[in-house]
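Trainee: Could you take me through one part of this fold up close, the central pairing and whatever packs around it? I'd like the geometry spelled out, with the cut-offs behind each term.

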Amino acid sequence: MGMRIGYGFDSHAFKAGVPLVIGGLAIQHPEGLAGHSDGDVLLHALTDALLGAVSAGDIGTFFPPSDPRWKGVDSRVFLKTALEEVAMAGYKIVNVDTVLVMTKPKIVPIAGEMRERVAELLGLKPGDVGIKAKTPEGLNQDGVAVAHATVLLESIKLADPPVRMVATADVEDEIDQVVKGLVGGAHDVSALGRKRPSFNPDDLT
């Protein structure tokens, strides 16, 4: 089985007057995270980790912040696109591990709920998702939320193994004709892992 590792990082400043969403989970807090989308720092890091694992670029490749269509958009849209890229490349997620770095709010009391939410979004079991929290320990980053994410992927087995083709005939002459056809005929073999046409944001609904 082929294995791949992806790493993602993101950071956003806190901002008053916007809701706080981390890991797809709405959190009660006086400030949210500033960003062109909903500012979900954890889903952004996971999106970049997944895209990077299959060499598909990064979140800005698909959703540039200069495009007004992504203003305030739910970051689950970004994550869904990354999951589609992983599937198109012929891989599935084994597990993910993440680290959140911020002073407030405290993540430990809600880490279990956040783990379940992220697992749901990724189609994993909660035991396959790691959520850890750290404080910036004197780094003067009290107004910032940072997220690190690592993902492990494995290639997907083909549902049906290759089938050996056998040609049969009732008499020797027919056998000779079949062999000549098999040896001399042209064969059209399509390559696995064909790259999908370039992404068009207009295809999103």
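Mentor: Let's start at one rung of the ladder: Val96 stands opposite Val129 in strand 6. Strands here are DSSP runs of E with at least two residues, helices are runs of H or I with at least four, and both are numbered from the N terminus. Before going on, keep in mind that this is a predicted model, in which local features need pLDDT of at least 70 and side-chain atom pairs count only at pLDDT 80 or more, while totals for chains, interfaces and linings use all residues. Residues are numbered from 1 along each chain as its sequence is written, and side-chain values use heavy atoms, with hydrogens and water left out.

Back to the rung. Strand 5, residues 91-101, runs parallel to strand 6, residues 129-134, and the two share six bridges; strands count as paired if DSSP finds at least two bridges between them. Strand 5 also pairs with strand 7, residues 144-155, this time in the antiparallel sense and over ten bridges. There, Val99 is the residue facing His148 in strand 7.

Now follow the chain out of strand 5. The loop between strand 5 and helix 4 holds Pro105, and the peptide bond from Lys104 to Pro105 is cis, with omega about -5°. Then comes helix 4, residues 111-122, which together with strand 5 and strand 6 makes a right-handed β-α-β unit. Right-handed here means that, with the strands pointing away from the viewer, the path from the first strand over the helix to the second runs clockwise.

Helix 4 has twelve residues and spans 16 Å from first C-alpha to last, close to the 16 Å expected (1.5 Å times one less than the number of residues). Its buried residues are Ala111, Met114, Arg117, Val118, Ala119, Leu121 and Leu122. Buried is under 20% relative accessible area, exposed is over 50%, and partly exposed is in between, with a 1.4 Å probe and protein chains only. The cover over those residues includes strand 2 (20-22), strand 3 (25-27), helix 1, helix 3 (76-88), strand 5 and strand 6. Right after helix 4, Gly123 has a positive phi of about 70°.

Helix 1 was in that list of cover, so let's go there next. Helix 1 covers residues 41-53, and its 13 residues reach 18 Å from end to end by C-alpha, close to the 18 Å expected. Twelve of the 13 are buried, among them Val41, His44, Asp48 and Ala53. At its far end sits Ser55, with a positive phi near 55°, a sign you'd notice in a residue other than glycine. Ser55 lies in the loop between helix 1 and helix 2 (59-62), and at a relative accessible area of 58% Ser55 is exposed.

On the other side of helix 1, in the loop that comes from strand 4 (31-33), you find Ser37. Unlike what we saw for Ser55, Ser37 counts as buried because its relative accessibility is 10%. Skipping neighbours within four places in sequence, Ser37 touches His44, Trp70, Gly72, Val73, Ser75 and Phe78 (a contact is heavy atoms within 4.5 Å).

Two of those partners, Trp70 and Phe78, take us to the rings: with Phe62 and Phe63 they form one aromatic cluster. Across the whole structure the search finds three aromatic pairs. In one of them, Phe62 and Phe63 are tilted, 6.4 Å centre to centre with 40° between the planes. Another is edge-to-face because the planes of Phe63 and Trp70 meet at 85°, with centres 4.9 Å apart. For the labels: rings of Phe, Tyr and Trp (its six-membered ring) pair if the centres lie within 6.5 Å, and planes under 30 degrees apart are stacked, over 60 edge-to-face, the rest tilted. Phe62 and Phe63 are both buried, and Trp70 is buried too, at a relative accessible area of 6%.

Zooming out, the chain has five helices and seven strands. Of its 205 residues, 37% count as buried. Among contacts with a separation of 6 or more, 75% link residues 24 or more positions apart.
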